[in-house]
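Visitor: I am new to this structure and would like a close look at a single part of it, the place where two chains meet. Please take me through that part slowly, and then show me what lies around it.

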Protein chains: 2
Amino acid sequence: MTEPTFYAVGLGAMGIGVARLLSDRGWCGIGATSHQVGQALAEIVPGSAPGARIRADLDDGAVADLCVIATASTVEQVHDQVLWAIGRGMNVLSSAEQLVYPWRTAADRAEEIHRAAVDAGVSVLGTGINPGFVMDVLPVMAGLAAVDVRRVHARRVNDLSEFGPTVLASFGIGLSEHEFHQAVAAGNVSGHVGFVESVHLLADAFGWVVDRVQEQMTPIIATEQRRAGTQVVTPGMVVGANQSIAAYTAGVCEPVITLEHPQQIDPGAAGIATGDFLEIEADPRISLQIVPEITGGIGTMAVMTNMADALVRSSPGLVTMLDFVPVLSRRRNALP
Amino acid sequence: MTEPTFYAVGLGAMGIGVARLLSDRGWCGIGATSHQVGQALAEIVPGSAPGARIRADLDDGAVADLCVIATASTVEQVHDQVLWAIGRGMNVLSSAEQLVYPWRTAADRAEEIHRAAVDAGVSVLGTGINPGFVMDVLPVMAGLAAVDVRRVHARRVNDLSEFGPTVLASFGIGLSEHEFHQAVAAGNVSGHVGFVESVHLLADAFGWVVDRVQEQMTPIIATEQRRAGTQVVTPGMVVGANQSIAAYTAGVCEPVITLEHPQQIDPGAAGIATGDFLEIEADPRISLQIVPEITGGIGTMAVMTNMADALVRSSPGLVTMLDFVPVLSRRRNALP
C-alpha cells in the first residue's frame, strides 16, 4: 500500500498544524499553495516530498488523495479553492467554519460543490473543534443516550490567549468599547463564525424545524489587566466578545437551541474558569461538562486530522459530520 | 412507505421499554416470544399489530424488519435466538452485553454470526448504555478532538435503586460480606457484564494491542441503612459491588485503560454523588463528566432505540458501535 498524499492550501498556524499531524501519520505532503512562496514544503512540514516547493498559485498539475484547505471561514471565500481541488480529483478537508454545515445557510453553493464532488467521485468535509464538534456533534452524540430530546443548551467558555494577532483582532481585543461597536458595524470584528451552522446541524439531527434565530455579540470589558503573549490590555478595554444565538421553532416562545460562547484572553486573571458545558433536556436529562474547555487550536487540528481517513473512504459528495455519526431524525434524510 | 416492523424476543423491563419506544416512533410490533404467553402484544406494547399474541417459542413464521433480543448477557446465551432471527431475514438489535464487542472475547461465535448475517443480508448489533456508550463509545468520540491518545480512564458511579430484584440479586445486594464472596465463587453474583468488551472496543479504536487485563470485584458494605424500592439493607450488609478492570500493553507497567464501576443502591444515603467521569490522556487532555450519571435503564433503551434506523440501513454482518462512528485506528480494519 502506497502512502496517502495531500496538498495544502493555506499554511498559517492551522494549515501547518494539520499538515504536520497528517505527516506524522504517514500522509505525504506533495505540494502547497501559501504565502511562503518558493520555500521547500519539507522545511515547514517534515516528511513532505523532496522537491515540493510552496507556490503562490493553485498548482494545476497537483495530484493527491486529499487537499487540506485552511484559508478562510466562509463558503464564498473557499469556494474557488474547493472547486479547484475537486477538479483535480482530490478529496477536500477544510477548516472553513461555514463549510461545516452549509446546507441551510449557503444552499446554492453547497449544492454546486456537492454535484461537482459527486461527478468527480470525491468527498468534501468542513470540520473543526467548533463548529464541528463541541457545540454540535458532541450534543448529537450525547443525545444518542436519551429519548424525547426537547432542547439543547451549550456554553463554551474559552481562552483566546494562545492565538496570534489576526485572531485577536477579529475579536476586537484591545479596542475601547466604542471602537469595538464601530469595528463590528464595519465588519472588522466578526468574532466566532459558525453559530448558525451549529444550530442547523443540531436542528437537522434532532428533527427540529428552526423558524428564527437571534444572534448577539457584546464586548467583554476588562476589570483587571490581562495579557496574551506580548499584548497587554488595561482595565476598561475589550478583552473578548460574548456571543450567543437562540433558535426558535414556530409558535414556541422558549428557544429550542441556545448556544453561548464568551471568548476572551486571559480569563484566569479575572477568576473565570473555562470549560465546555452542555445541557440536553431529554429523558434522561444529560448534564455534561469538559473542564477546562477543549483547546481551540489543537482541537481543530485534531478533529480535522482524525477525520482524514474516514473522509477519503466516505461516499462522494459534500458530506458533513452528521454523515459520520448515527443520526436520529428522518428530517436529515431530506438533504442529499 | 410502509411502517417498519419488529419482533421482540424477551419482554422483561428492557424488552418492553425498547418495544414501546420503537412503537412510539412508528415501528409496528408484529409478534413476540416471552413469558407472558398468550397475552395480546398490543396490551403490553400499544400500537402493535392486532391479533399478535405472545408465544413461548420462537415463531418460525415471523417476518419483520428487526428482531429485538433482550433476554441475556452473553453471546452463548443469545446465540440461538440471534441465528434464528437471521434465518428469518431479520436485522437483530440486542441488549446482550457481550454482543456489544464480541470479536476478541467470543471470536468463533462472532465469526459464525457475522457469516450468517452477511449471507442473509441483515445486520446484527449489540448495544446499550454500558457497554455500548458511556465507557467505550463516548471516550472514542471525545478522542476525536485530540491527538496522541495515550491512556483512557473512565469511572461510572451509578445508582441501582431503580432496578428490580433480579438485577439487585446479581450484585449480591442484601447479602453479608461472606455470602457475597460465596455467591461470586458460585457464579450467582456476576455484577456488571461487559468490561472486557469495553476494553477491546477502546483498544481497537485507539490502536492498542492489549496483552493482559486484570479484573476486580469487591463488595460495597453499607455503613448506614439504604433502600431500593421495598428492600431495606442494614449497616454491615452488601449494598453493591465495586468492579474495575485494568488493561495493559506488552512491557508497559501502567495500564493503558482503566475502568472503574462502583454500582450500589441508594448512594445518596451515604452522601455519594453519582456520575460518569472520563479522563483521556492526550493532546489536549480531556476531562469530561456527566453528573448525575446517565441512568442505566432508560439509557440502554434510548441507545438501542436510537440505533434502530441506522442498523437497518447498515452493511450486512455483525456490526459494532465502532462501525457507526469515525474510528482512528487502522487496527480496527483487521476485523471483518
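Guide: Before we begin, please keep in mind that this is a predicted model. Across the interface of chain A and chain B, the rule finds 11 residue pairs in polar contact, counting pairs with both residues at pLDDT 80 or more. On the side of chain A that touches chain B, the elements that give two or more residues are helix H5 (137-142), strand S14 (286-290) and helix H9 (296-313) of chain A. Of these, H9(A) gives the most, with eight residues. When the residues on that side of chain A are sorted by kind, they divide into 28 nonpolar, seven polar and five charged.

The contact as a whole takes 40 residues from chain A and 40 residues from chain B. The size of an interface is often given as the accessible area lost when the parts come together. For chain A and chain B, the area buried between them is about 3200 Å², and carbon and sulfur atoms give 64% of that area. Although charged residues are found on the side of chain A that touches chain B, the rule finds zero salt bridges across this interface.

Strand S14 deserves a longer look, since S14(A) and strand S14 (residues 286-290) of chain B pair with each other in the antiparallel sense, over three bridges. Within this pairing, A:Leu288 stands opposite B:Ile290, a residue of S14(B). If you follow chain B back from this strand, you come to the loop between strand S13 (275-283) and S14 of chain B, where B:Pro284 has its place. The peptide bond that leads from B:Asp283 to B:Pro284 is cis, with omega near -5°.

Chain B has another cis peptide bond, which joins B:Asn130 and B:Pro131 and has an omega of about 0°. B:Pro131 is found in the loop between strand S6 (123-126) and helix H5 (137-142) of chain B.

Further along, strand S7 (residues 147-159) of chain B contains B:Asp148, whose phi is near 55°, a positive value in a residue other than glycine. B:Asp148 counts as exposed because its relative accessibility is 52%, and the cut-off for exposed is over 50%. In chain A, A:Asp148 has its place in strand S7 (residues 147-159), and A:Asp148 has a positive phi of about 55° although it is not a glycine.

Turning from the contact to the strands of chain B, you can trace an open sheet of seven strands with parallel pairing, in the order S3-S2-S1-S4-S5-S6-S15. Its edge strands are strand S3 (54-55) and strand S15 (317-318) of chain B, each of which pairs on one side only. Inside the sheet, strand S1 (residues 5-9) of chain B runs parallel to strand S4 (residues 66-69) of chain B, and four bridges join them. One place to find this pairing is B:Val9, whose bridge partner in S4(B) is B:Ile69.

Finally, in chain A, A:Trp27 is found in the loop between helix H1 (13-24) and strand S2 (28-33). A:Trp27 counts as buried because its relative accessibility is 4%, whereas the cut-off for buried is under 20%. A:Trp27 and A:Thr2 are 25 residues apart in sequence, while the distance between them in space is 9.7 Å, C-alpha to C-alpha.

Note on methods
Residues are numbered from 1 along each chain as its sequence is written. Chains are lettered from A and ligands numbered from 1 in the order in which they are written. This is a predicted model: local features need pLDDT of at least 70, side-chain atom pairs count only at pLDDT 80 or more; totals for chains, interfaces and linings use all residues. Side-chain values use heavy atoms; hydrogens and water are left out. Buried means under 20% relative accessible area, exposed over 50%, partly exposed in between (1.4 Å probe, protein chains only). Contact means heavy atoms within 4.5 Å. Buried area is the accessible area (1.4 Å probe) that two parts lose on being put together, summed over both. A salt bridge is a side-chain nitrogen of Lys or Arg within 4 Å of a carboxyl oxygen of Asp or Glu. A polar contact is a pair of N or O atoms within 3.5 Å; within protein, one must be able to donate a hydrogen and the other to accept it, and residues adjacent in sequence count only if both atoms are side-chain atoms. Ala, Val, Leu, Ile, Met, Phe, Trp, Tyr, Cys and Pro count as nonpolar, Asp, Glu, Lys and Arg as charged, and the others, Gly among them, as polar. Two strands pair if DSSP finds at least two bridges between them.
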